[in-house]
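This report covers one protein chain. It moves from whole-chain values to a surface patch and then to a single buried site.

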Amino acid sequence: DENFAAMRNYCLRRLPVSEVNDAMAEVFLVVWRRIDDAPEGVDAQLWMYGVARNVVRNTNRSATRRSRLGSRLSGQRPPVDPGPESLVIRRSEDREVLDAMARLRPADQEILRLSVWEELTNAEIAQVLGIEAHAATMRLSRARNRIAKALGMGKQHRTVFPDPQYVAEGGEQ
């Protein structure tokens with residue numbers, strides 16, 4: 001209570017008014033969680049200023065990211081709503097891919113999902129799997145060849161994987 005006005009003024013001088021209440025809530029949440037770390041007396045207010053400073057910095061970074069995203073999205077065309085025929089065909093193709101995936105080894109399924117659905121790089125896949133980047137690249141290449149073969153695509157395989165939204169809506173994984 002003693003420091004509320006000081007923290008509010010600190011935030012008001014650094015943030016838009018619309019964001020001050022959220023910042024204040026975050027400041028006092030952090031203080032509450034770390035109350036055992038708080039110093040006594042005058043140092044407590046200085047420590048709270050440090051907490052408020054970090055919250056303000058995080059809020060400003062978030063605002064910058066939102067602004068950049070808004071700028072990028074403003075140049076995008078709205079998605080075209082596909083007709084029912086396109087959806088039926090796409091769902092049929094998704095089913096074929098999911099059935100082919102189900103016939104693969106679990107390790108192949110996982111590396112393909114990490115690559116396509118989670119959109120991880122080979123280095124990130126390697127880190128997730130606890131292997132070397134080169135090994136991840138080799139395993140991914142072999143898994144892609146196996147899925148292409150399972151789909152009857154042969155050597156000139158295309159990358160055709162089901163829409164993750166379809167899987168989330170009840171398609172098999």
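Accessible areas here come from the Shrake-Rupley method with a 1.4 Å probe. The model is predicted. On that basis, the accessible surface of the chain comes to about 12,200 Å². Carbon and sulfur atoms hold 50% of that surface.

**Fold**

The chain has eight helices and zero strands. Read from the N terminus, the order of elements is α-α-α-α-α-α-α-α. The chain counts 173 residues, and 29% of them are buried. Take the contacts in the chain with a separation of 6 or more: 60% of these join residues 24 or more positions apart.

| Whole-chain quantity | Value |
|---|---|
| Accessible surface | about 12,200 Å² |
| Share of accessible surface from carbon and sulfur atoms | 50% |
| Buried share of the 173 residues | 29% |
| Share of contacts (separation of 6 or more) between residues 24 or more positions apart | 60% |

**A charged patch**

The surface carries a patch of positive charge. Its residues are Arg53, Arg57, Arg61, Arg65, Arg68 and Arg72. One of them, Arg65, is found in helix 3, which spans residues 42-74.

**A buried aspartate**

Asp108 lies in helix 5, residues 106-117. Is Asp108 buried or exposed? Its relative accessible area is 3%. Buried means under 20%, so Asp108 counts as buried. Which residues does Asp108 touch, leaving aside those up to four places away in sequence? The partners are Ala143 and Arg146.

Notes
Residues numbered from 1 in each chain as written. Predicted model: local features only at pLDDT ≥ 70, side-chain atom pairs only at ≥ 80, totals over all residues. Heavy atoms only, no water. Patch = residues over 30% accessible without salt bridge, like charges linked within 9 Å, V, L, I, M, F, W, Y side chains within 5 Å. Salt bridge = Lys/Arg side-chain N within 4 Å of Asp/Glu carboxyl O. Lys, Arg positive; Asp, Glu negative; His and termini not counted. Charge placed at Lys NZ, Arg CZ, Asp CG, Glu CD. Helix = DSSP H or I, 4+ residues; strand = E, 2+ residues; numbered from the N terminus. Buried < 20%, exposed > 50% of the residue type's maximum accessible area, 1.4 Å probe, protein only. Contact = heavy atoms within 4.5 Å.
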